Amino acid sequence: MKKNQSQEEFIKGIWRDNPVFVQVLGMCPMLAVTNSAINAVAMGMATFFVLVGSSFLVSTFRNVIPKQVRISCFIIIIATFVTIADYTLLALVPGVHKELGAFIPLIVANCLILGRQEAFASRYPTKLAVMDAMGMASGFLLALLSLGAVREILGDGALFGVNLFGENFEPWVIMILPPGGFLTLGVILLFFNWFKYKKDEFLEDVAAAERSES
Amino acid sequence: MKKRDPDLLLLHAPLLRQGMTTPNAMRDVLYALAPATVASLWFFGLSAILVLGTCIAGAVLAEWLFADRETRGVSLLDASGILTGLLLGLTLPPGLPLWMAFLGGFVGIALGKVIWGGLGHNLFNPALLGRAFLLATFPIAMTTWVPATGDGGFFSIYSGNLALPFMQVQIDGMTAATPLGMLKFEQEVTPLANLMFGKTSGSLGETSGLLLLLGGVYLWLRRDLDWRIPVSILLTVVVFSACLGLFDAARFPTPLFSVFSGGLLLGAIYMATDPVTSPVTPRGAWIFGIGVGVLVMLIRVFGGLPEGVMYAILLMNAATPLINRYTQPTVFGRGAESK
């Protein structure tokens, strides 16, 4: 039972409650840094680290943090991890750090992270909170990666910097520019909603069939 | 046919039938564009057919693909998809790779019309939206103009047309600047007669000013367009460039050059007058037209681009709901109370 629940918390973040495609959270990094797959992965990893770390701390100290000032406490915890992530990226991959620029400090303001602290980590035991954070962060990472991959393939003819189509590829300039982010995200959201619509329709049909049988 | 003679004929309203239906209006625009389309075949040969055809194919495919299962194919009957494809094709350079033309038609309908809820719900002109997408996506291919093939070269196809999907155009050195480009970057004025009869380079449909005007007159006689919009756009452009001419006649284009060069006639007559994306009130139509005219001249003279008709119309499309709201006529008998 216990094990199933933590599994459940992990899976839901990746698909059913995907932070980007279902909850539509964290749009700022989603649109801003996904012009190449490598940037998307770097941002996703940084967010993963911050979200899991702060969920762990918040959940551990959830009975100590006073209710009245909980938001500021969460922010301080998150900011600590963001600072760690910021300097780690600067030390390990300075090029990527430079391209991400202001968007790394802005992870503090990512509503996905604060939202998980408020809605989940501050109410559930540490193990579940960490599982939930890992699921949500993985979902976020996958979403960033899918957007970044589409934009880099169409906009540059490459994936992770590896040229896919040879010399004569005609780049779709718009995909690297901000409108490309909106277009790609919109199309992916369209497919998610269409899929959900079809699934609901199917479930309704099944329910109707069961009712007529009984 | 079997003659029927009922004693009592029961009909429901509307009893008065009008010829003005959506399919009829669309077909009229197609007829009005026919001379300019034929002219584009004359000037640019087989390439024109290929580019126009792939644009229409892309537009129709998008319309068919994104329709409901029940109504699939119904929305094709009013010919609006074909019209969008044709209008888009007429604004494209003749040497554009065909896969880009196809993509433009597809995106124009998908993002310009279907996603808003279909015909009558879109905020922006679908053909211009497709062109804006292409211009932002493939800036080089979209601004590479080829000279008209002239006489005898009907069956020669521009090599750019045949680029493989997702592949670049092989530049073959046969490029020519449009009259507006020549004016902006080389200070060279094209003779007016060339502009009127189409002996210039440019997009497929914009080169022959007189034929476009001819189609406009046909549409006006058929009451398919609001004459206020093209008239106010053209008047604004004429006045604006005449004023500029007072300052420095050598530097700025003459009024007639402004009217007949670039896509102004095509845009003013066929695109700005799209009944879905232009204001419905007469006063609003004047405001809309003046806005388009001013923006066109601002972009052409002071902006970085040689041509600005597309962005001018798209910007004013965005302002259309606002214009409609502020130009509501007062309801009869209510005027004194409400204000």
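This report walks through chain A, its contact with chain B, the cysteines, and a surface patch on chain B. The model is predicted.

**Chain A**

Start with the fold of chain A. Its secondary structure comes to 9 helices and 2 strands. Read from the N terminus, the elements run α-α-α-α-α-α-α-β-β-α-α. The C-alpha atoms of chain A fill a box of roughly 60 × 55 × 30 Å along the principal axes.

Chain A has 214 residues, and 40% of them are buried. The chain exposes about 11300 Å². Carbon and sulfur atoms supply 69% of that exposed area. Now take contacts in chain A between residues at least 6 apart in sequence. Of these, 75% join residues at least 24 apart.

**Where the chains meet**

The size of an interface is often given as the accessible area lost when the parts come together. Here, the area buried between chain B and chain A is about 1200 Å². Carbon and sulfur atoms give 68% of this buried area. Chain B brings 15 residues to the contact, and chain A brings 12 residues. How many salt bridges cross the interface of chain B and chain A? The rule finds 0.

**Cysteines**

A disulfide is a covalent bond between the sulfur atoms of two cysteines. A search of the whole structure, over all chains, finds 0 disulfides. A:Cys28 is one cysteine to check. The nearest cysteine sulfur to A:Cys28 belongs to A:Cys111, 9.0 Å away. The cut-off for a disulfide is 2.5 Å between the sulfur atoms, so A:Cys28 is in no disulfide.

Is A:Cys28 buried or exposed? It falls between the two: A:Cys28 is partly exposed, because its relative accessible area is 43% and the class lies between the limits of 20% and 50%. The table sets A:Cys28 beside two other residues.

| Residue | Relative accessible area | Class |
|---|---|---|
| A:Cys28 | 43% | partly exposed |
| A:Cys73 | 24% | partly exposed |
| B:Val231 | 34% | partly exposed |

**A nonpolar patch on chain B**

B:Val231 lies in helix 10 of chain B. It also belongs to a nonpolar surface patch of about 760 Å². The other members are B:Val217, B:Trp220, B:Leu221, B:Trp227, B:Leu235, B:Trp286 and B:Ile290. B:Val231 passes the area test for a patch because its relative accessible area is 34%, and a patch residue needs over 30%.

Which helices of chain B each supply at least two residues of the patch? They are helix 9 (209-221), helix 10 (228-247) and helix 13 (282-302). Helix 9 of chain B gives the largest share, 3 residues.

Note on methods
Residues numbered from 1 in each chain as written. Chains lettered and ligands numbered in written order. Predicted model: local features only at pLDDT ≥ 70, side-chain atom pairs only at ≥ 80, totals over all residues. Heavy atoms only, no water. Patch = residues over 30% accessible without salt bridge, like charges linked within 9 Å, V, L, I, M, F, W, Y side chains within 5 Å. Areas by Shrake-Rupley, 256 points an atom, 1.4 Å probe, with all protein chains shown as cover. Salt bridge = Lys/Arg side-chain N within 4 Å of Asp/Glu carboxyl O. Helix = DSSP H or I, 4+ residues; strand = E, 2+ residues; numbered from the N terminus. Buried < 20%, exposed > 50% of the residue type's maximum accessible area, 1.4 Å probe, protein only. Contact = heavy atoms within 4.5 Å. Buried area = accessible area lost by both parts, 1.4 Å probe.
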